[in-house]
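Student: I would like to look closely at a single part of this model. Please start with the whole chain, then zoom in.

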Amino acid sequence: MYVEHGEQPDLSSVTEIPLGTQSVEGQAAIRRTAVIADLGGIPPTPEIAAALNATSYVVAPIVVSTGVIGMLHAKTIADDQAMGNVARDLLGAFASGFGTLFERAMLSERLDEQKRIIVQRLQQETREAEQLTNAELSFDDANPDNLPIALSRNLANIPDASALPDLTAREREVFHLLAAGKSNAAIADDLVISVFTVKTHVKKILRKLGAMNRSEAIYLYLKMTGTR
């Protein structure tokens, strides 16, 4: 990038700027600060000097956290060290500010993109959760885990759990109502006992049947009695 007063320099012939340690651009990149190129100090790069039509110029690197991403060049007044220093400091300050703003803009863009991705994922998960909530259950008989079909076909005919000798009489009553799809509160009302007592019976039933939950307990019972 070039800063030039008046007529714009012809850059069509400048295809590549060498960044070796001996070039002024290389020195600016290494030092990460603005540098003056002149015949009395660090030699100017011939291609840049020709494009600027100057024997002395200032080059300032645009620096971000990952390194140097560009160079700014400005023509200086030959043989005027004081003005050259002013141009160096001004261009260096401008390049530093530009690098900071550029990096902030890039970070802001990345944050916006990450936010967009997170929002999309949350929206997708919400849609999937709604689909699961509203979906009607339908299972394949070939899958032994498809308890809802087995229940819909067999619960009405479940006996009083007499096939489960490990259960007490009260636990069989609780299991029969549980298998009919009743809640703990409903079971408590039917048997005239507390909900806490019902929960205790349910825990014991699950433990005796080796089941993790109610559905698995009913499935194991159906499998045990051959009513699936």
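What percentage of the 228 residues in the chain do buried residues make up? Then take me to the part where α5 and α6 each meet α7: which residues meet there?

Tutor: Start with a caution. This is a predicted model. Now the share you asked for. Of the 228 residues in the chain, 33% are buried. The chain exposes about 14,600 Å², and carbon and sulfur atoms supply 55% of that area.

Next, the layout. The chain has eight helices and four strands. In sequence order they run β-α-β-α-β-β-α-α-α-α-α-α. Consider the contacts in the chain with a separation of 6 or more. Residues 24 or more positions apart account for 47% of them.

Now zoom in on your part. Helix α5 covers residues 169-179, and helix α7 covers residues 195-209. Helix α6 covers residues 184-191.

Take α5 and α7 to begin with. Their axes come within 10 Å and cross at roughly 90 degrees. That angle makes α5 roughly perpendicular to α7, because angles of 65 to 115 degrees count as roughly perpendicular. On the α5 side, the residues that meet α7 are R170, E171, V174, F175 and L178. On the α7 side, they are H201, V202, K204, I205, K208 and L209. By class, this contact has six nonpolar, one polar and four charged residues.

Look at the numbering of such residues along a helix. An α-helix has 3.6 residues a turn, so residues three or four places apart point the same way. Keep that in mind as you trace E171, V174, F175 and L178 along α5.

Which residues of α5 are buried? They are E171, V174, F175, L177, L178 and A179.

E171 deserves a stop. This residue lies in helix α5. Its relative accessible area is 3%, so E171 is buried, since buried means under 20%. The side chain of E171 reaches the backbone nitrogen of T168 at 3.0 Å. Set aside its neighbours within four places in sequence. E171 is then in contact with D166, H201, K204, I205 and K208. H201, K204, I205 and K208 also appear in the α7 half of the α5 contact.

Move on along the chain. Just after α5, G181 takes a positive phi of about 90 degrees. S183 follows in the loop between α5 and α6. With a relative accessible area of 40%, S183 is partly exposed. S183 and V195 are 12 residues apart along the chain, and their C-alpha atoms are separated by 9.6 Å.

Now α6 against α7. These two helices pack at an angle of about 110 degrees, with their axes 8 Å apart. They are therefore roughly perpendicular to each other. From α6, the residues N184, A185, I187 and A188 take part. From α7, the partners are V195, V198, K199 and V202. By class, the contact of α6 with α7 has six nonpolar, one polar and one charged residues. V202 is listed in the contact with α6, and V202 is listed in the contact with α5 too.

Focus on N184, which is found in helix α6. Is N184 buried or exposed? Its relative accessibility is 19%, so N184 counts as buried. The cut-off for buried is under 20%. Leave out residues up to four places away in sequence. N184 then touches V195, V198, K199, V202 and R214. Four of these names, V195, V198, K199 and V202, make up the α7 half of the α6 contact.

One stop remains, between α6 and α7. V192 is found in the loop there. Its phi is near 55 degrees, a positive value in a residue other than glycine. Most residues other than glycine have a negative phi, and most peptide bonds are trans. V192 has a relative accessible area of 72%, so V192 is exposed.

So here is the picture of your part. Helix α5 is roughly perpendicular to α7. Helices α6 and α7 are roughly perpendicular as well. E171 is buried, and N184 is buried. S183, in the loop between α5 and α6, is partly exposed. V192, in the loop between α6 and α7, is exposed.

Terms used
Residues numbered from 1 in each chain as written. Predicted model: local features only at pLDDT ≥ 70, side-chain atom pairs only at ≥ 80, totals over all residues. Heavy atoms only, no water. Buried < 20%, exposed > 50% of the residue type's maximum accessible area, 1.4 Å probe, protein only. Contact = heavy atoms within 4.5 Å. Axes fitted to C-alpha atoms, helices over the stretch in contact; angles between N-to-C directions. Parallel < 35°, antiparallel > 145°, perpendicular 65-115°, else oblique. Nonpolar A, V, L, I, M, F, W, Y, C, P; charged D, E, K, R; others polar. Areas by Shrake-Rupley, 256 points an atom, 1.4 Å probe, with all protein chains shown as cover. Polar contact = N/O pair within 3.5 Å; in protein donor to acceptor, adjacent residues only side chain to side chain.
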